[in-house]
Amino acid sequence: MTATTAAGKAVGHVTFEEVKASRPGVAEELTTLIAAEFRARVRHLAGFVSARIHLSLDGTSVVSRVEWSSEEHSRAALRDGGATLHALPERPGVVSVTTFAGEPAPGIQGPAEAGPVGVVAVVKRHVGERRDAETLARLLHASGGWKSEHPGFISATPYVSLDGATYLNYPQWVSEESFHSYMDDPRNAAGQDAIAVLETEPPEILLCALVTHIDAAPREHPPARAHSTGSLSPDTVSPLDQLRLFERKYDPGTTEILRRLPSRPRRRCLELGAGAGSMAYWLADTAPEGSVVAVDTDTGYLDPDRAGNLTVRKADITSATFAPGSFDLILARAVLEHLTDPDAMLDRALSWLAPGGWLVVEDFYFLPAADAPTAVGRSLLEAYVTRMREHGADLSWGRRLPAALARAGLTSVATRVTPAGPGQSAVDDELIALRMRQEGHTLVDGGQVTAGELDTFLGLLGTSEGRDLTALLVSAWGRRPPDPEER
Ligand SMILES: C[S@@+](CC[C@H](N)C(=O)[O-])C[C@H]1O[C@@H](n2cnc3c(N)ncnc32)[C@H](O)[C@@H]1O
């Protein structure tokens with residue numbers, strides 16, 4: 001059965017998930033977490049119509065009601081569901097998670113149809129079979145006479161579970177007072193005997209306050225692109241001051257790896273996605289007898305006159321061509337993760353590497369947002385990662401990098417990781433604060449976090465409470481085997 005929302009959207013399938021917490025504080029924290037996940041990710045999924053997050057009046061349960069255009073959409077969402085929601089049963093303080101999935105049946109409207117939602121009830125009745133659940137839905141519909149005029153009554157929508165064994169009613173009132181006066185109305189008793197006869201076990205009734213309502217994100221049609229720029233805002237590269245801080249944080253580690261590479265001097269070097277150029281310049285300065293080619297789609301921050309042995313080339317590395325075996329060292333830092341097919345890029349880079357040459361690749365592996373130590377950290381990180389993914393970044397690629405180098409036939413493959421996140425270093429905090437000040441508004445505008453959450457997150461930077469480990473920069477390097485006669 002398909003119903004429609006006030007906005008005219010078709011609802012063919014609805015899920016209710018009740019998360020029972022060990023105590024009220026935990027439940028409240030869960031409402032924030034669940035709402036953030038819906039804003040950051042679920043509202044963007046195909047077929048999502050709306051979600052409502054409720055907190056039970058006794059403070060111990062969170063109920064999410066999610067409307068989908070069809071059961072297939074709901075199932076697909078469940079399959080690639082966010083880690084946060086999947087991990088709920090394992091979270092400390094969560095006692096149980098129960099799910100109801102069903103279809104809407106015709107309900108009744110009250111006079112306060114357009115009123116603010118004060119109290120809702122989630123009433124589950126267990127019956128023997130589908131026809132009993134449908135009888136309950138008909139009884140509710142038939143009782144609409146006095147209810148449709150009861151002050152403060154908004155509506156009641158019944159749902160029948162997919163297996164037909166559970167009937168769920170979802171009535172709403174504008175306030176607790178209107179709920180009590182409705183319940184105390186003697187006409188409410190009519191039909192209760194007929195209902196009780198159909199039930200196989202006592203009903204479960206949960207009174208809740210509505211915490212938030214989340215509608216589907218407006219459909220965006222981003223242009224197809226082979227890569228993202230590394231910036232939260234589409235179609236812009238990271239601002240120069242962000243790139244400079246990025247270099248300050250990661251140059252010491254990268255230069256240490258390059259210095260320690262054994263074997264032949266760096267003669268012909270290539271940097272892929274050179275950004276603001278610190279590493280290309282360093283290579284040019286430390287190997288004056290060699291040459292450096294720095295490639296980026298945006299070369300606006302690169303100075304071709306910075307060194308005589310430096311060439312700056314504006315090109316997309318997924319389509320640029322170089323002669324096979326023409327470089328002794330290729331470096332790509334925080335670039336491959338932005339490509340739609342980093343493995344294919346790795347193969348291309350390898351073909352440009354001379355026998356005996358070294359490939360050094362560094363990319364991030366983001367740790368699950370659900371494990372962040374604060375609710376606001378979880379919201380921000382989830383929103384950030386979601387936004388970067390929408391722009392084409394694969395933020396788990398770094399983890400697969402060492403295996404990819406070994407699989408590609410490189411030898412002496414080695415790995416090192418550098419932690420990143422709030423409180424990991426003063427530069428980390430500076431970089432995160434700058435990025436969020438410059439680009440955090442895109443997350444707020446996109447409805448993924450609130451302005452309040454962004455402020456709270458920024459306020460926690462530099463404090464012990466704000467400390468977190470959000471990502472690891474995975475550095476991996478390996479050598480193309482030398483030709484047999486060179487060994
Ligand atoms: C996060 S920045 C890293 C810059 C630099 N590698 C560093 O570590 O300081 C990513 C850079 O990769 C560039 N980039 C992304 N995709 C690219 C592509 N397909 N071809 C060339 N450059 C690309 C971006 O323009 C940006 O300068």
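Biologist: Are aspartate 428 and lysine 249 buried or exposed?

Modeller: In this predicted model, both aspartate 428 and lysine 249 are buried.

Biologist: What do their side chains do there?

Modeller: The side chains of aspartate 428 and lysine 249 meet in a salt bridge, with 2.6 Å from N to O. Aspartate 428 belongs to helix H13 and lysine 249 to helix H8, so this pair ties together parts that are 179 residues apart in sequence. Side chains of opposite charge can pair when their charged atoms come close.

Biologist: How are H8 and H13 placed relative to each other?

Modeller: Two packed helices are described by the angle between their axes and the distance between the axes. For helix H8 (residues 240–260) and helix H13 (residues 426–445), the axes come within 9 Å and cross at roughly 160°. That angle makes H8 roughly antiparallel to H13. The crossing of the two helices is left-handed.

Biologist: Which residues make the contact?

Modeller: On H8 the contact is made by Asp241, Gln242, Leu245, Phe246, Arg248 and Lys249. On H13 the residues are Val427, Asp428, Glu430, Leu431, Leu434, Arg435, Gln438 and Glu439. Lysine 249 and aspartate 428, the salt-bridged pair, are thus among the residues of this contact.

Biologist: What about H11 and H13: at what angle do they cross?

Modeller: The axes of helix H11 (residues 375–390) and H13 cross at roughly 80° and come within 11 Å. The two helices are therefore roughly perpendicular to each other. Leu380, Ala383, Tyr384 and Arg387 of H11 make the contact with Arg435, Met436, Thr442 and Leu443 of H13.

Biologist: Let us return to charges. How many salt bridges does the whole structure have?

Modeller: A search of the whole structure finds 19 salt bridges. One of the pairs is aspartate 328 with arginine 268, whose side chains meet at 2.9 Å, N to O. Aspartate 328 is in strand S15 (residues 327–333) and arginine 268 is in strand S12 (residues 268–272), so to speak of distant parts of the chain is apt: the two are 60 residues apart.

Biologist: Why does aspartate 328 count as buried, and why is arginine 268 partly exposed?

Modeller: Aspartate 328 counts as buried because its relative accessibility is 5%, and buried means under 20%. Arginine 268 has a relative accessible area of 26%, which means that this residue is partly exposed.

Biologist: Which residue forms a salt bridge with arginine 187?

Modeller: Arginine 187 pairs with aspartate 185, and their closest N and O atoms are 2.9 Å apart. Arginine 187 is partly exposed at 47% relative accessibility, whereas aspartate 185 is buried at 12%.

Biologist: Which residues are linked in a network of salt bridges?

Modeller: Glu256, Arg260 and Arg416 are linked in such a network.

Biologist: What can be said of aspartate 132, which has no salt bridge?

Modeller: Aspartate 132 lies in helix H4 (residues 130–142) and is buried. The nearest side chain of opposite charge belongs to arginine 131, and the separation is 4.3 Å. A salt bridge needs a nitrogen and a carboxyl oxygen within 4 Å. Leaving aside neighbours within four places in sequence, aspartate 132 is in contact with Val127 and Leu198.

Biologist: A change of topic: where does alanine 27 lie?

Modeller: Alanine 27 lies in helix H1 (residues 24–40) and counts as buried, at 0% relative accessibility. Its C-alpha atom is separated by 6.1 Å from that of valine 62, although the two are 35 residues apart along the chain. Outside its neighbours within four places in sequence, alanine 27 is in contact with Ala21, Leu55, Gly59, Thr60, Ser61 and Val62.

Biologist: Which residue in the loop between S15 and helix H10 has a positive phi?

Modeller: Alanine 334 is found in that loop, and its phi is about 55° although it is not a glycine. Most residues other than glycine have a negative phi. Alanine 334 is buried, with a relative accessible area of 14%. Serine 412, in strand S17 (residues 411–420), also has a positive phi, near 50°.

Biologist: Finally, how many helices and strands are there in the protein chain?

Modeller: The protein chain has 14 helices and 18 strands. Buried residues make up 55% of its 487 residues. Its C-alpha trace spans about 95 × 45 × 35 Å along the principal axes.

Terms used:
Residues are numbered from 1 along each chain as its sequence is written. This is a predicted model: local features need pLDDT of at least 70, side-chain atom pairs count only at pLDDT 80 or more; totals for chains, interfaces and linings use all residues. Side-chain values use heavy atoms; hydrogens and water are left out. Helices (H or I, at least four residues) and strands (E, at least two) are DSSP runs, numbered from the N terminus. Buried means under 20% relative accessible area, exposed over 50%, partly exposed in between (1.4 Å probe, protein chains only). Lys and Arg count as positive and Asp and Glu as negative; His and the chain ends are not counted. Contact means heavy atoms within 4.5 Å. Axes are lines fitted to C-alpha atoms, for helices over the stretch in contact, and angles run from 0 to 180 degrees between N-to-C directions. Angles under 35 degrees count as roughly parallel, over 145 as roughly antiparallel, 65 to 115 as roughly perpendicular and the rest as oblique. A crossing is left-handed if the near helix is turned anticlockwise from the far one by less than a right angle, and right-handed if clockwise.
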